[in-house]
Amino acid sequence: MLKKVMAKIGFGTAKVDLHMNKHEFVLGEEVRGHVKMIGGSMEQHIKDLQVEFWIQVYFKNGQVQPHRIATIPLSASFHIKPGEKEGFQFSYQLPKNLPISRGNVSFFFKTNMEIEGLVERSNKQSIRVLPAEPFTLVIKGFQALGFQEVSHSGYFDGHHQRFIFTPTDDLKGRVKEIKVEAAIRRQGVELELELDIPSFRRDRELFCDIILADQMLKNKEKLASYLHGTMEEMLLNEQRYRYNRKLHGHLEGAIGGFAGGMLGGKLVDEWFVDKMETTYDAEEPYLLSQSAKKR
């Protein structure tokens, strides 16, 4: 009787331990892991055993908002005897448009074991979600031009993740910041570029979409030259690229874009936006201006 009473408050119950094959994963990669269980001081009925994948977003006002992205069932009802050992394998394909682990975003996997008698046991393992190689090459292309990421680059606004660079050499004094949203395509990377131009009264904003083919991404000099040429074109023809940001829209399938569909627009507005306001051609890339691309 005493064992049953103690089990109901968590003493002597079965233990669960989550193990990952590694702790860094690229967007779209398959995560593999296993869960080890050891029976407690008495036989127990395990009503349910799951692994959950969570995102955690840190707000400027100090609040932290976790949200479950996926639930991976491992086993339904079963009994485990005292000291008995059980093991369960699992795998999960990371979505390609998750935010990456940067700025205010982190991820973890967590076990969820429900034991008859209302006792729940869990433990968790944090992971880092890294960008796919094509976007890493884009970052290197900007770095080759002397641009540096700012400390808050990669901030997730609840819809998309934006990456921000400042010039240290090329275009210094002519461009204040470059803001980038990116989507990995089958044959390259699509970018939304926003150039913030310093002005005496109010900074001006220029917008442009480009697609960078895989062949170009692998040639750092050619990539850097093309990025430089694109930005020069925007600066020399400001009127062509100055239009309302709302008409520009967010990039479909962009890194971090899972939120709109998985969390739902209303939830995103409530959780993220309001709280954060407290502070092709396969061979050649091409440029999409307002007149060339319909929204």
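**Strands, core and salt bridges**

Biologist: Through how many residues does a hairpin join β14 to β15?

Modeller: The hairpin that joins β14 to β15 goes through two residues, and please keep in mind as we talk that this is a predicted model. Strand β14 covers residues 177–185, and its pairing with β15 is antiparallel, over nine bridges.

Biologist: And which residue of β15 stands opposite alanine 182?

Modeller: That is leucine 191, which stands opposite alanine 182.

Biologist: What about the other neighbour, how do β15 and β16 run and how many bridges join them?

Modeller: They run antiparallel, joined by 10 bridges, and a hairpin through six residues joins β15 to β16. One of the bridge pairs puts isoleucine 197 with arginine 204 in β16.

Biologist: Is β15 largely enclosed or left open by the rest of the structure, and why?

Modeller: Strand β15 is largely enclosed by the rest of the structure, because 10 of its 10 residues are buried.

Biologist: Where does aspartate 196 sit, then?

Modeller: Aspartate 196 is in strand β15, which covers residues 188–197. With a relative accessibility of 6%, aspartate 196 counts as buried, since the cut-off for that class is under 20%.

Biologist: Which residues does aspartate 196 touch, leaving out those up to four places away in sequence?

Modeller: On that basis aspartate 196 touches Val175, Lys176, Glu177, Lys179, Arg204 and Glu205.

Biologist: Arginine 204 keeps coming up; which residue does the side chain of arginine 204 meet in a salt bridge?

Modeller: It meets glutamate 238, with an N to O distance of 2.8 Å. This pair links distant parts of the chain, given that arginine 204 belongs to strand β16 (residues 204–213) and glutamate 238 to helix α5 (residues 238–241), 34 residues apart. Arginine 204 has a relative accessibility of 21%, and therefore counts as partly exposed.

Biologist: Which residues are joined into one network by salt bridges that share partners?

Modeller: The network consists of Arg162, Lys179, Glu181, Glu194 and Asp196, joined by salt bridges that share partners. Over the protein, the count of salt bridges comes to 16.

Biologist: Any others worth a look, say, which residue pairs with arginine 185?

Modeller: The side chain of arginine 185 meets that of glutamate 190 in a salt bridge, at 2.9 Å from N to O. Glutamate 190 is buried, at 6% relative accessibility, whereas arginine 185, at 26%, is partly exposed. There is also a salt bridge between arginine 32 and glutamate 30, whose closest N and O atoms are 2.8 Å apart. In that pair arginine 32 is partly exposed at 48% relative accessibility, and glutamate 30 is partly exposed at 29%.

Biologist: Changing topic, which residues touch the most other members of the largest nonpolar core?

Modeller: Those are Met37, Phe53, Phe109, Phe142, Ile178 and Leu212, in a core of 71 residues. Helix α4, residues 220–236, gives the most to this core, contributing seven residues. As background, nonpolar side chains in soluble globular proteins tend to be buried together.

Biologist: Is phenylalanine 156 buried or exposed?

Modeller: Phenylalanine 156 counts as buried, at 0% relative accessibility, and its place is in strand β12, residues 155–156. The C-alpha atoms of phenylalanine 156 and arginine 102 are separated by 8.5 Å, although the two residues are 54 apart along the chain.

Biologist: How many helices and strands are there in the protein?

Modeller: The protein has eight helices and 17 strands. Of its 295 residues, 47% count as buried, and its accessible surface comes to about 15300 Å², with 49% of that belonging to carbon and sulfur atoms.

Biologist: Before I lean on any of this, where is confidence lowest and where is it highest?

Modeller: Confidence is lowest in strand β17, residues 286–288, where the mean is 42, and highest in strand β2, residues 24–26, where it is 97. The protein averages a pLDDT of 81, and 79% of the residues score at least 70.

Biologist: And over which residues does pLDDT stay under 50?

Modeller: Residues 1–11 form one such stretch, for which the model has 14 contacts beyond four places in sequence. Another covers residues 263–295, for which the model has 80 contacts beyond four places in sequence.

Technical notes. Residues are numbered from 1 along each chain as its sequence is written. Side-chain values use heavy atoms; hydrogens and water are left out. pLDDT is the predictor's confidence in each residue, from 0 to 100. Helices (H or I, at least four residues) and strands (E, at least two) are DSSP runs, numbered from the N terminus. Contact means heavy atoms within 4.5 Å. A nonpolar core is a set of buried Ala, Val, Leu, Ile, Met, Phe, Trp, Tyr and Cys residues joined through side-chain atoms within 4.5 Å. Buried means under 20% relative accessible area, exposed over 50%, partly exposed in between (1.4 Å probe, protein chains only). A salt bridge is a side-chain nitrogen of Lys or Arg within 4 Å of a carboxyl oxygen of Asp or Glu. Two strands pair if DSSP finds at least two bridges between them. Accessible areas come from the Shrake-Rupley method with a 1.4 Å probe; for residues, only the protein chains shown count as cover.
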